[in-house]
Amino acid sequence: SSGINAEYGVLIYEYLFKEGVLVAKKDCFAPRHPEIEVPNLHVMKALESLRSRGFVREQFAWKHYYWYLTNEGIQHLRDFLHLPSEIVPATLKRQTRTEAPRPTRPKGPEGPRTGQAPEREYRKAGPPGGTDKKSEVGAGSQQFEFRGGYGRGRGGFGSAA
């Protein structure tokens with residue numbers, strides 16, 4: 001398809017199907033793509049063709065093309081490469097954790113962390129013998145007083161008053 005050597009096309013499609021994504025620098029003169037034994041221009045043109053048919057989604061950033069297989073693209077390449085439906089791209093495989101699961105923190109008697117309850121009580125209480133801290137602050141806690149002369153309203157330079 002699209003003037004690309006059939007052998008190159010198969011190599012590109014196999015790599016794309018295996019990985020599910022493909023990155024290529026926007027460099028038409030690079031003799032080889034870093035991951036596939038194919039001229040970079042061929043990779044760019046093959047993926048452009050797949051993009052025009054809706055088989056890959058294209059992103060471009062910092063002189064690099066990023067292509068992501070769509071579901072239609074997966075089906076198209078599976079048919080093209082004669083692959084069984086059990087074989088899926090790496091992007092669809094569940095990642096298996098190799099490291100051991102993280103140890104869980106032992107829970108204390110009063111919830112997830114110990115030593116928190118006394119601190120909460122302290123914050124609520126305020127000074128000994130004092131009133132509730134929360135009622136002393138915020139809007140409406142003091143007598144509101146309006147003093148003119150501030151802000152952008154009447155008076156000041158150039159006013160008609």
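This section describes helix α2 and its surroundings in a predicted model of the protein chain.

The protein chain contains four helices and three strands, and their order along the sequence is α-β-α-β-β-α-α. Of its 161 residues, 22% are classed as buried. When contacts between residues at least 6 apart in sequence are considered, 49% of them link residues at least 24 apart.

Helix α2 comprises the 13 residues 40–52. At a rise of 1.5 Å a residue, a helix of this number of residues should span 18 Å, and the C-alpha atoms at the ends of α2 are 18 Å apart, so the computed span agrees with the expected one. Just after the helix, G54 adopts a positive phi of about 80 degrees.

The buried residues of α2 are N40, V43, M44, A46, L47, S49 and L50. An α-helix has 3.6 residues a turn, so residues three or four places apart point the same way. Within the buried set of α2 are V43, A46, L47 and L50, and these four residues also take part in the contact with α1. The cover over the buried residues of α2 is contributed by several elements, including the helices α1 (6–19) and α3 (71–80) and the strands β1 (21–25), β2 (56–61) and β3 (64–69).

N40 belongs to helix α2. Its relative accessibility is 1%, and N40 is therefore counted as buried, the cut-off being under 20%. With neighbours within four places in sequence left aside, the contacts of N40 are with A24, K25, D27, A30, P31, R32 and H33. Of these partners, A24 and K25 fall within the range of β1 (21–25).

The packing of α1 against α2 was examined next. The axes of the two helices lie 10 Å apart and form an angle of about 70 degrees. Because angles of 65 to 115 degrees count as roughly perpendicular, α1 is assigned a roughly perpendicular arrangement relative to α2. The crossing of α1 and α2 is right-handed. On the α1 side, the contact is formed by Y8, I12, Y13 and L16, which meet H42, V43, A46, L47 and L50 of α2. By residue class, this contact between α1 and α2 consists of eight nonpolar residues and one polar residue, with no charged residue.

Terms used:
Residues are numbered from 1 along each chain as its sequence is written. This is a predicted model: local features need pLDDT of at least 70, side-chain atom pairs count only at pLDDT 80 or more; totals for chains, interfaces and linings use all residues. Side-chain values use heavy atoms; hydrogens and water are left out. The expected span of a helix is 1.5 Å times one less than its number of residues. Buried means under 20% relative accessible area, exposed over 50%, partly exposed in between (1.4 Å probe, protein chains only). Contact means heavy atoms within 4.5 Å. Axes are lines fitted to C-alpha atoms, for helices over the stretch in contact, and angles run from 0 to 180 degrees between N-to-C directions. Angles under 35 degrees count as roughly parallel, over 145 as roughly antiparallel, 65 to 115 as roughly perpendicular and the rest as oblique. A crossing is left-handed if the near helix is turned anticlockwise from the far one by less than a right angle, and right-handed if clockwise. Ala, Val, Leu, Ile, Met, Phe, Trp, Tyr, Cys and Pro count as nonpolar, Asp, Glu, Lys and Arg as charged, and the others, Gly among them, as polar.
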